[in-house]
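Colleague: I have not worked with this one before, so could you walk me through it? Please keep the terms clear as we go.

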Amino acid sequence: MPTTIADRVAALRQIVEQGGGDGFIVPHEDEYQNENLPLWAERLAWLTGFTGSAGVAVVLMDKAVVMSDARYTLQLPQQCDAAIFTTENSSKVGVATWLKQNAPTGAKIFYDAFLHSKAQIDALTRALDGTGIVLAALTPNPIDTVWDKEGRPALPAAPVTLFPEILSGTSSRDKRAALATQLRADGHHATLLTAQDSVAWLLNIRGADVPQTPVALSYLLLRADGHAVWFIPPAKIPEDVRDALGDDVTIVPPDALAQHIADLRGQAVRIDSAQCSAAIFDMLIAQDISVVAGPDLCLLPRAIKTSAEQAAMRQAHIRDGVAMVKFLHWLDGQVAAKAKMDEVSIGAKLTTFRAQAAEFRDISFDPIVGFNGNGAIIHYRAENDPTNAAQVTGNGVLLIDSGAQYSDGTTDITRTLAINTVPDDIRASSTAVLRGHIALASAVFPQGTTGIQLDTLARAPLWRVGLDYPHGTGHGVGCYLSVHEAAGQGIHARGAAPILPGMILSNEPGYYREGAFGIRIENLILCQDVGRNYDDGRARCSFETITLCPYDRNMIVAADLTPAEIAWINAYHAQVRTKLTPFLDADQAAWLHAQTEAL
């Protein structure tokens, strides 16, 4: 029975070879294209040891590669056995390029069509056109065949819960009616939703099938008459959920999907090809269905938070700010006492402070706690190997990126902290990052401005001193949903979608020096219409910072800041002090007051 990475790769190769193939593609995503995965779907990690939130492996008969984006270029070689896998930065060498360079002439490369979106397979097919390399879907997935023999985790079976309308601001019935109206206006008979946060948002439900993301694994078919068919094990749906959804939602087992697709023969069905798996797309085509590719109809309304969702997120961030201040007060005491700490124990302690809230449901992602050189690994997770976690002692820089799922909101915050003494050049770099952070947070811009345009605001202060960072500046965040909300909005070099009032995004510029330290400062920001128009009629927008936590004064060179930047920090710190002090004890309040004194 396979027990090692080498054994698993060998078993995979044997099945592929027996099937007449020359290789197999292993994406990170599961059947629902999730970023966070239930344990039973962690195929890439099981096969390769790589635990990042994005990536892909290609296994040929004589070689194999694991690749991911720039966030994981340092993590990949640490986690993947060099005797088995080479590693690549996928932004430079993608799957198609690697196959062209390494696959034999006329190679047949297998893939699991449920694990790749239709758009991914189409793009890869185009990239391989003319090479002689052939892509072929393979069932069952050979990894599952091997893993099942070793003892694969069971499918999630957690019951579904309601997300109250007092928090969502709109009933599920009204949401479904609005989408059905749009379907009729577009001349479409139905839409098939495969994104898990879209299903949760539309039905006003939450689940516990995926760690750190409160969704229930399922698909949903919404017809133009407003009726929905929800493909989920019926045993997971309690009576209160059934009653809330009413007769307009039919609940059927997942294996009924094929039959319901067959019932749509000859009709026009809208799908999001970036989210829908190639396997489901093929099912639709096989039934002579007119497939209309277009963005998931839930994306934009889900990204634009209702006033109720905005209020809920503010409350969640007050609660999270209290936990952060209690934690930072504790951490200062530990440093002063020269207590023994490591990256794992620090992350665990932060979670205990968050868990004190009755509304706490989970963390929103594994804490990133990196001391000195580990902080330069953008998505570093010491939790994967506690024996190697760095001791936090002596002088250095500690980066802590973390978040929580509360019953009313999702949080994501990063603070970079001085541990004892930090050199002036590092403090200067941290101040440049803070300046970029402030530039974005204080931006005023016309509605319709894109994430690409806003991204430059955060980078400009770093560019001026020769610094930059290899990741986006901001991503969307859901309301007690995905901490990385895939709704099109984003502040980065590819962020072509407009940033609109009601959207909540992260503001997280950084700077990283490999082997030495990492700096990142992150708050969540809410886009608001400030109520004044430009001459051309466009609304004027700005950001409200909803994260509440002081910046480390020891990482700030005040002389490098402009008067306007100092005023912004002082105003923000005053707000943090006012909103959080009522929930702290005397010692914690005194610590917070000292940390938020005017610069």
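Modeller: What follows is a walk through a few places in the model, with each term explained where it comes up.

Modeller: This is a predicted model, in which local features need pLDDT of at least 70 and side-chain atom pairs count only at pLDDT 80 or more, while totals for chains, interfaces and linings use all residues. Residues are numbered from 1 along each chain as its sequence is written, and side-chain values use heavy atoms, with hydrogens and water left out.

Colleague: Fine. How many aromatic pairs does the structure hold?

Modeller: It holds 11 aromatic pairs, where rings of Phe, Tyr and Trp (its six-membered ring) pair if their centres lie within 6.5 Å, and planes under 30 degrees apart count as stacked, over 60 as edge-to-face and the rest as tilted. One of them joins Tyr32 and Tyr219, whose ring centres are 4.8 Å apart with the planes at 35°, so this pair is tilted.

Colleague: And where in the chain do Tyr32 and Tyr219 sit?

Modeller: Tyr32 is in the loop between strand E1 (23-27) and helix H2 (43-48), whereas Tyr219 is in strand E10 (residues 219-223), so the pair links distant parts of the chain, 187 residues apart. Helices (H or I, at least four residues) and strands (E, at least two) are DSSP runs, numbered from the N terminus.

Colleague: Is Tyr32 buried or exposed?

Modeller: Tyr32 counts as buried at 13% relative accessibility, and Tyr219 counts as buried at 7%. Buried means under 20% relative accessible area, exposed over 50%, and partly exposed in between (1.4 Å probe, protein chains only).

Colleague: Changing topic, how many disulfides does a search of the whole structure find?

Modeller: The search finds 0 disulfides, a disulfide being a pair of cysteine sulfur atoms within 2.5 Å. Cys479, for instance, is in no disulfide, and the nearest cysteine sulfur, that of Cys298, is 15 Å away. Cys479 is buried, with a relative accessible area of 3%.

Colleague: What about Thr473, where does that lie?

Modeller: Thr473 lies in the loop between helix H17 (451-463) and strand E22 (474-476), and at 0% relative accessibility it counts as buried.

Colleague: Which side chains does the side chain of Thr473 make a polar contact with?

Modeller: The side chain of Thr473 makes a polar contact with that of Asp455 (2.5 Å) and another with that of Tyr469 (2.5 Å). A polar contact is a pair of N or O atoms within 3.5 Å; within protein, one must be able to donate a hydrogen and the other to accept it, and residues adjacent in sequence count only if both atoms are side-chain atoms.

Colleague: Now helix H1, which of its residues are buried?

Modeller: In H1, the buried residues are Arg8, Val9, Ala11, Leu12, Arg13 and Val16. The helix is followed by Gly20, whose phi is positive, near 85°.

Colleague: Any unusual backbone spots? What is the peptide bond from Thr139 to Pro140 like?

Modeller: That bond is cis, with omega near -5°, and Pro140 lies in the loop between strand E6 (134-137) and H6. Phi of Asp288 is near 60°, a positive value in a residue other than glycine, and Asp288 counts as exposed at 58% relative accessibility. Phi of Tyr480 is also positive, near 45°, but Tyr480 is buried, with a relative accessible area of 11%.
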